[in-house]
Amino acid sequence: ILEPSLLEPYRFWARDFLFRLAMWKESVPLFFDFPYFGTGLGTFKWISRRYQVHRVEDYCVDHVHNDYLELLTDTGTVCFLIFMAAIVSLLIVSLRKCLKNESRWNRTVGVVSFMAAVSLGIITTIDFYLRTPAIAMLFAVHLGILVNCGAMYSGKNIISGWSAPAA
């Protein structure tokens, strides 16, 4: 019923996913050898060669293809939890403030930025998207928009209690 050439991209995706899964499994022993403070930022490229089981000629893996797992192996549990707690609390606090905002525009833009930041956070589990400067900048911009929408109040000056005159 289906043309076999239509299924070829999905075979490639499945093979690619299995390769990523093998890389993730190989990085777990690296984490257990350096559980608290990791191996240091950016060292996965060099230290992972000791743990690499699946060698294809001279091919060595530079990244885990999972930003969370690479951050965990590079910084360890302590720094990983501090970093993730900061990001998650920033997202949650800003979203709560944004949803309480009087302006429908601020609420809408804030929720869209929250969804974009969370989507980037989810998709980075299967690849290392945040290593691309443009995508990392997009993530930072969405965080900034979310924080700003939560901090802005429509028509009120928070500092002096002054309200803008009605139009």
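## A tour that starts at arginine 131

Select arginine 131: with a relative accessible area of 42%, this residue counts as partly exposed. Before you move on, keep in mind that you are looking at a predicted model.

**Stop 1: the partner of arginine 131**

Which residue does the side chain of arginine 131 meet in a salt bridge? Add glutamate 70 to your selection, and you will see the two side chains come together at 2.7 Å, N to O. Side chains of opposite charge can pair when their charged atoms come close. This is a good one to save as a view, since the structure holds one salt bridge.

Now colour the parts of the chain that the pair links: arginine 131 sits in the loop between α4 (104-123) and α5 (133-151), and glutamate 70 belongs to helix α3 (residues 67-99). These are distant parts of the chain, with the two positions 61 residues apart. Is glutamate 70 buried or exposed? Glutamate 70 is buried, because its relative accessibility is 2% and the limit for buried is under 20%. Arginine 131, at 42%, is partly exposed.

**Stop 2: serine 94 in helix α3**

Stay on helix α3 and pick serine 94. Its relative accessibility is 7%, so serine 94 counts as buried too. What touches serine 94, once its neighbours within four places in sequence are left aside? Show Leu146, Val147 and Gly150, which are in contact with serine 94.

**Stop 3: the largest pocket**

Next, turn on the surface and look for the largest pocket, which has a volume of about 540 Å³. To find its centre, select Asp67, Tyr68, Leu71, Phe83 and Leu130, the closest to that point among the 22 lining residues. Helices α3, α4 and α5 each bring at least two residues to the lining, and α3 gives the most, with ten. Colour the lining by class and you get 15 nonpolar, three polar and four charged residues.

**Stop 4: the cavity**

Rolling a probe the size of a water molecule over the atoms shows where empty space is left. Searching the whole structure for cavities of 30 Å³ or more turns up one. The largest cavity has a volume of about 70 Å³. Select Met23, Glu26, Ser27, Phe44, Ser48, Tyr51, Gln52 and Val61 to show the residues around the largest cavity. Which helix gives the most to this lining? Helix α1 (residues 4-33) does, with three residues. Sorted by class, the lining of the largest cavity has four nonpolar residues, three polar ones and one charged one.

**Stop 5: two rings side by side in sequence**

One aromatic pair is found in a search of the whole structure. Show the side chains of phenylalanine 31 and phenylalanine 32: their rings lie 5.4 Å apart, centre to centre, with 55° between the planes, and the pair is tilted. Now compare how accessible each one is. Phenylalanine 31 is buried because its relative accessibility is 15%, whereas phenylalanine 32 is exposed because its value is 57%.

**Last stop: the whole chain**

Zoom out and switch to the cartoon view. How many helices and strands does the protein chain have? You can count five helices and zero strands, and the order from the N terminus on is α-α-α-α-α. Of the 167 residues in the chain, 30% are buried. Finally, take the contacts with a separation of 6 or more: 65% of them are between residues 24 or more positions apart.

Conventions
Residues are numbered from 1 along each chain as its sequence is written. This is a predicted model: local features need pLDDT of at least 70, side-chain atom pairs count only at pLDDT 80 or more; totals for chains, interfaces and linings use all residues. Side-chain values use heavy atoms; hydrogens and water are left out. Rings of Phe, Tyr and Trp (its six-membered ring) pair if their centres lie within 6.5 Å; planes under 30 degrees apart count as stacked, over 60 as edge-to-face and the rest as tilted. Buried means under 20% relative accessible area, exposed over 50%, partly exposed in between (1.4 Å probe, protein chains only). A salt bridge is a side-chain nitrogen of Lys or Arg within 4 Å of a carboxyl oxygen of Asp or Glu. Helices (H or I, at least four residues) and strands (E, at least two) are DSSP runs, numbered from the N terminus. Contact means heavy atoms within 4.5 Å. On a 1 Å grid over the protein atoms alone, a cavity is a set of points where a 1.4 Å probe fits but cannot get out, and a pocket is an open set with protein on both sides within 12 Å along at least five of seven lines; lining residues have an atom within 4 Å of a point. Grid points are joined across faces, edges and corners, and a volume is the space filled by probe spheres set on the points. Ala, Val, Leu, Ile, Met, Phe, Trp, Tyr, Cys and Pro count as nonpolar, Asp, Glu, Lys and Arg as charged, and the others, Gly among them, as polar.
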